[in-house]
Amino acid sequence: MWNLTKEAKEKFSKCHLLPIHESDDDWKMAITEAKAEGEDLIARLNEELEEVKEELLLVLPSRFIPYVEDGTLNQPTLPKNVRENYLQWMQDSAKEFEQTLDAAYEQTQQAVAYLPMAVQDVFAESLHDAIIERIEREGNTLHLYINTDSGFSTKFHIHLIFKDVIIEESDDLLQLGQWLIYYELQKTDAGFAFRVLFDCPEAEWTITMKGMDAQYYYRPMVYTRLRDEEKLEETSLAEYVSLLNPDYRYWLITPHLKSSINTFTDNLILNKGNFKLGQNEMVVSVENQRFIYDLTEYNPIQFIYTDVYEYPYAHFNEPVPTEQIEAAALGNDLELQVRAWNTMYANPKALADIINRVLWKIQITEENEMMVSVYASHFYKSEILIEAVLERYRNLID
């Protein structure tokens with residue numbers, strides 16, 4: 001019995017097709033902004049309702065249908081009690097789906113304990129928003145290569161190996177570029193079953209197999225640093241490899257193949273393969289396979305992985321000397337600023353006087369409001385805020 005189903009996801013999505021403002025103040029703000037921008041708010045809301053009406057009526061409780069038919073469900077004229085009832089219905093549907101996801105997570109955690117440690121490592125982090133990059137079938141074994149650049153895992157390239165496949169069931173064939181949205185792993189009498197809800201295109205895919213294994217690789221720390229600083233495109237391959245830790249092992253992993261890198265030179269020396277970087281293309285050959293990659297589409301730097309994880313933001317946790325904290329926290333050097341706030345976060349009692357001065361002096365803006373709120377809430381729980389600062393941040397403290 002699966003917790004996770006395409007029907008549950010679709011029901012959740014349909015219940016949230018038509019968001020509405022939650023309070024009178026929100027409506028007043030929306031109306032004021034529309035007037036200032038010369039927008040016909042009522043006409044736009046009518047269009048939004050009409051776009052989703054057909055699907056919404058499939059799941060909407062009967063008590064709301066009259067307000068869909070007369071077009072007021074997403075209008076400011078909707079009675080307050082109906083609005084609150086509708087919002088509660090949406091919240092209940094969200095809670096129901098969250099419970100479904102929680103149950104799927106619990107099943108996954110129970111099942112993965114019976115699998116190799118590499119698989120446990122993979123499932124210890126979320127695969128949400130990972131993308132299928134390569135699919136290979138070898139007898140009764142399925143190899144699924146996924147890229148998590150757009151996801152939430154520190155393991156940027158994951159190779160899932162489904163051994164002794166018993167059966168696959170899906171709305172459609174697996175496709176390159178599909179996104180993993182939700183998933184559930186179960187232990188069965190015959191082995192294991194794995195279900196994924198994909199997007200682009202949407203599909204429910206279930207595979208049962210006798211065993212499962214995994215391999216995974218990380219981006220070098222320097223890759224993340226250069227990406228965050230928006231310097232990847234201007235960094236040559238030679239410059240990049242000169243920044244890598246020479247004590248680590250590295251692999252070249254493309255959308256079509258994987259090969260360990262023996263040494264770095266102007267052109268990479270691959271194990272049982274060749275790499276050639278030209279002016280407009282790179283050519284990768286391993287054994288009897290040869291692939292050409294257009295440099296306007298691919299950067300060779302993005303193909304280099306390691307099996308060693310380095311936390312790329314460790315430098316942000318380096319403490320700032322006490323006498324420099326206040327100036328750093330209020331200054332314009334972003335890295336120093338983050339380090340200063342992290343230093344205060346880690347030592348609220350010892351740095352109470354500095355923290356109160358910084359919170360009193362800092363100018364709260366739309367850009368930093370969320371960050372300041374998080375820190376202020378932490379310092380409030382640490383019971384170190386003076387009354388004047390507490391009063392200033394009362395509305396921001398969670």
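Let's start at a bend in the chain: with a relative accessibility of 49%, cysteine 200 counts as partly exposed, because that label covers values between 20% and 50%. Keep in mind that you are looking at a predicted model. Cysteine 200 sits in the loop between E5 and E6, and its backbone has a positive phi of about 60° although the residue is not a glycine. The next residue, proline 201, belongs to the loop between E5 and E6 as well. The peptide bond that runs from cysteine 200 to proline 201 is cis, with omega near -5°.

Now step back for the whole chain. It has 398 residues, and 43% of them are buried. You can pick out 13 helices and 13 strands, and the C-alpha atoms fill a box of roughly 70 × 60 × 45 Å along the principal axes. What about links between distant parts of the sequence? If you take the contacts with a separation of 6 or more, 59% of them are between residues 24 or more positions apart.

The two strands on either side of that loop lead us inside. E5 (192-199) and E6 (203-217) each supply at least two residues of the largest nonpolar core, which has 31 residues. Helices H5 (80-112) and H6 (117-123) also supply at least two each, as do strands E2 (141-147), E3 (157-170) and E4 (179-187). E6 gives the largest share, 6 residues. Which residues have the most contacts inside this core? They are Phe162, Phe194 and Trp205.

Phe194 is a nice one to look at up close. Leaving out neighbours within four places in sequence, phenylalanine 194 is in contact with Phe162 and Trp205, and also with Trp2, Phe123, Tyr183, Glu184, Leu185, Thr206, Ile207 and Met209.

Some of those names come back when you turn to threonine 108, a residue of helix H5. Setting aside residues up to four places away in sequence, threonine 108 touches Phe123, Tyr183, Glu184 and Leu185. Is threonine 108 buried or exposed? It counts as buried, because its relative accessibility is 3% and the limit for buried is under 20%. Its side chain finds polar partners on the backbone: the oxygen of alanine 104 at 2.9 Å, and the nitrogen of leucine 185 at 3.0 Å.

Lysine 155 makes a good next stop. You'll find lysine 155 in the loop between E2 and E3, and at 6% relative accessibility it counts as buried. Where does its side chain reach? It comes to the backbone oxygen of aspartate 121, at 3.3 Å. Neighbours within four places in sequence aside, lysine 155 is in contact with Asp121, Val122, Glu125, Thr148, Tyr216, Tyr217 and Tyr218.

Further along the chain, glutamate 310 lies in the loop between strand E13 (304-306) and helix H9 (325-330). With a relative accessible area of 23%, glutamate 310 is partly exposed. Its side chain and that of tyrosine 248 are joined by a polar contact of 3.3 Å. Apart from neighbours within four places in sequence, glutamate 310 is in contact with Met221 and Tyr248. Arginine 219 is 91 residues away along the chain, yet the C-alpha atoms of glutamate 310 and arginine 219 are separated by 8.7 Å.

Another loop is worth a quick look. Glutamate 287 is in the loop between strand E11 (281-286) and strand E12 (289-294). Phi of glutamate 287 is near 50°, a positive value in a residue other than glycine. At 64% relative accessibility, glutamate 287 counts as exposed.

Finally, go to the helices late in the chain. Helix H10 (residues 334-346) and helix H12 (residues 369-381) have axes that come within 10 Å and cross at roughly 20°, so H10 and H12 are roughly parallel to each other. H10 passes H12 in a left-handed crossing. On the H10 side, the contact is made by Trp341, Asn342, Met344 and Tyr345; on the H12 side, by Met371, Tyr375, His378 and Phe379. What covers the buried residues of helix H11? The cover includes H9, H10, H12 and helix H13 (387-392). Buried residues of H11 (residues 352-361) include Ala352, Ile354, Ile355, Asn356, Val358 and Leu359.

Technical notes
Residues numbered from 1 in each chain as written. Predicted model: local features only at pLDDT ≥ 70, side-chain atom pairs only at ≥ 80, totals over all residues. Heavy atoms only, no water. Core = buried A, V, L, I, M, F, W, Y, C linked by side-chain atoms within 4.5 Å. Buried < 20%, exposed > 50% of the residue type's maximum accessible area, 1.4 Å probe, protein only. Helix = DSSP H or I, 4+ residues; strand = E, 2+ residues; numbered from the N terminus. Contact = heavy atoms within 4.5 Å. Polar contact = N/O pair within 3.5 Å; in protein donor to acceptor, adjacent residues only side chain to side chain. Axes fitted to C-alpha atoms, helices over the stretch in contact; angles between N-to-C directions. Parallel < 35°, antiparallel > 145°, perpendicular 65-115°, else oblique. Left-handed = near helix turned anticlockwise from the far one by under 90°.
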